[in-house]
Amino acid sequence: MRVLHFYKTYYPDSWGGIEQVIRQMCVGTTRLGVHNEVLTLTRNGGPSQMEIEGHTVHRVPLNFEIASNAMSFAAIRKLKHLARSADVIHYHFPWPFMDLAHFMAGIDKPSVVTYHSDIVRQKTLLRVYTPLKQRFLKSVDAIVATSPNYLASSPVLGRYKNKTRTITYGLDRSIYPKPPQAVLDKWRARCGERFFLFIGMLRYYKGLHILLDALAGTDYPVVIVGAGPLEQELKAHAERLGLTHVMFVGALEEEDKVALLELCYAMAFPSHLRSEAFGISLLEGAMYGKPMISSEIGTGTTYINVDQVTGLVVPPSDPQAFGAAMRTLWEQPELAAAMGRRAAERYEELFTAETMAHSYLALYRELAAGGLRAAR
């Protein structure tokens, strides 16, 4: 079984949530006998082909971007070439150029789209893109929603329910590095014994301005891991609010990130828009047995974090509610610990990479056998 994944970014150029999911899919299904390849774009140069954890990554140059839509002339030729030897083409949505490349490369192999997120922000461009998007989603053989919450709430997926199924994301803790004691000691000395943790790209939909507003007038330590386009703006906002107890540590190596996951008291995840379709770092918190605070945005975040069970869920864009939830966990360590234990149990029950890999393998086999072919 040969599967070709196609997405605009991947390791080692980018370390975001979708990249982590594709990595987990590849590692998990490779163990089950799938030969995985990933076709991606690069702006950093370097080798055109790499071997990463048992799968092959093909990298072609990014030529230009329009509204975060990365484009590459070479990608169309490479997609057509690699598709010849693939049994299944696995697309990762959203990426409008991918839809175009699918048609320009003349792909006629069994195909699946993992639908990671609706397009939320680019309203004007979305109107232009919608006909292509609808044609693309109609042409593929299967669509995967990443949580029952997202399937129920997405107006786009509602049009394709007859070929959509749900396979949730899964993580394999064994491929995360075990930080040595010296690294744990370094971060404990820097961050203290109790702190809230956020991990993620510093983008508009992450809601970090809400978290900062929630911290005004408090002294709860918060560590923010990640970089992104809003980094300087958020630091300036924290300075205006006098938040000396908020620490921006930038993007970190995996070893340091895992150390902070092990050490933190709870996860603070203030994403307030549907662009946050799932929340991989929230799931990482559950995997490490941490209680969580998140917002109800109708996506997979509330499938991971069940209110009053694994943590607390508050209305979106509500700093007062978010701050009250932080106070509840901070002042009730026994409650926080119990929620963390239940978060770890829910991860083991629903969100392991092994479960995800077996589900995708079954889907790949069904696709390769021709049982799901869409009308062409």
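## Briefing: aromatic pairs, helix packing and notable loops

Aspartate 172 is buried, with a relative accessible area of 12%. Please keep in mind that this is a predicted model. The tour below starts from aspartate 172 and its loop, then moves to the aromatic pairs, the charges over rings, two helix packings and some backbone details. The structure holds 21 aromatic pairs, and a few of them are picked out here.

**Aspartate 172 and its surroundings**

- Aspartate 172 sits in the loop that runs between strand 10 and helix 6.
- Leaving aside residues up to four places away in sequence, aspartate 172 touches Gln24, Arg31, Met287, Tyr347 and Ala353.
- Two of these contacts come back further down: Gln24 belongs to helix 1 and Ala353 to helix 14, and both take part in the contact between those helices.
- From the C-alpha atom of aspartate 172 to that of tyrosine 265 the separation is 22 Å, with the two positions 93 residues apart along the chain.

**Aromatic pairs**

- Of the 21 aromatic pairs in the structure, one is made by tyrosine 7 and tryptophan 95, which meet edge-to-face at 6.3 Å centre to centre, with 75° between the planes.
- Tyrosine 7 comes from the loop between strand 1 (2-6) and helix 1 (17-30), and tryptophan 95 from the loop between strand 7 (88-93) and helix 3 (96-104), so this pair ties together parts that are 88 residues apart in sequence.
- Both partners are buried: tyrosine 7 has a relative accessible area of 6%, and tryptophan 95 has one of 0%.
- Tyrosine 169 and phenylalanine 278 also form an edge-to-face pair, at 4.4 Å centre to centre and with 65° between the planes.
- Here the link spans 109 residues in sequence, because tyrosine 169 lies in the loop between strand 10 (164-166) and helix 6 (181-191) while phenylalanine 278 lies in the loop between strand 14 (266-269) and helix 10 (280-287).
- Tyrosine 169 is buried at a relative accessible area of 5%, and phenylalanine 278 counts as buried at 1%.
- Tyr7 and Trp95 also belong to one aromatic cluster, together with Phe6, Tyr91, Phe97 and Phe136.

**Charges over rings**

- Arginine 194 lies over the face of tyrosine 265, at 4.7 Å from the ring centre.
- Arginine 346 places its charged end over the ring of tyrosine 303, 5.1 Å from the centre of that ring.

**Helix packing**

- Two packed helices are described by the angle between their axes and the distance between the axes.
- Helix 7 (residues 208-215) packs on helix 8 (residues 231-240) at an angle of about 10°, and their axes are 10 Å apart.
- Angles under 35 degrees count as roughly parallel, and helix 7 and helix 8 are therefore roughly parallel to each other.
- Helix 7 passes helix 8 in a right-handed crossing.
- In this contact, helix 7 contributes Leu208, His209, Leu212 and Asp213, and helix 8 contributes Leu234, His237 and Ala238.
- Helix 1 and helix 14 (residues 353-368) pack at an angle of about 75°, with 9 Å between their axes.
- That angle makes helix 1 roughly perpendicular to helix 14.
- Val21, Gln24, Met25, Gly28 and Thr29 of helix 1 meet Ala353, Met356, Ala357, Tyr360 and Tyr364 of helix 14.

**Helix 3 and the loop after it**

- The buried residues of helix 3 are Phe97, Met98, Asp99, Ala101 and His102, and Phe97 is also a member of the aromatic cluster.
- Just after helix 3, glycine 106 takes a positive phi of about 65°.
- Glycine 106 lies in the loop between helix 3 and strand 8 (111-115), and glycine 106 is exposed, with a relative accessible area of 52%.
- The C-alpha atoms of glycine 106 and tyrosine 11 are separated by 27 Å, and the two residues are 95 residues apart along the chain.

**Cis peptides and positive phi**

- Tyrosine 11 is joined to proline 12 by a cis peptide bond, with omega about 0°, and proline 12 is found in the loop between strand 1 and helix 1.
- Another cis peptide bond runs from phenylalanine 93 to proline 94, with omega near 15°, and proline 94 is in the loop between strand 7 and helix 3.
- Glutamate 53, a residue other than glycine, has a positive phi near 50°.
- Glutamate 53 lies in the loop between strand 3 (49-52) and strand 4 (55-61) and is partly exposed, with a relative accessible area of 40%.
- Glutamine 308 likewise has a positive phi, near 70°, in the loop between helix 11 (301-304) and strand 16 (311-314).

Conventions:
Residues numbered from 1 in each chain as written. Predicted model: local features only at pLDDT ≥ 70, side-chain atom pairs only at ≥ 80, totals over all residues. Heavy atoms only, no water. Phe/Tyr/Trp six-rings, centres within 6.5 Å; stacked < 30°, edge-to-face > 60°. Helix = DSSP H or I, 4+ residues; strand = E, 2+ residues; numbered from the N terminus. Buried < 20%, exposed > 50% of the residue type's maximum accessible area, 1.4 Å probe, protein only. Lys NZ or Arg CZ within 6 Å of the ring centre and 35° of its normal. Axes fitted to C-alpha atoms, helices over the stretch in contact; angles between N-to-C directions. Parallel < 35°, antiparallel > 145°, perpendicular 65-115°, else oblique. Left-handed = near helix turned anticlockwise from the far one by under 90°. Contact = heavy atoms within 4.5 Å.
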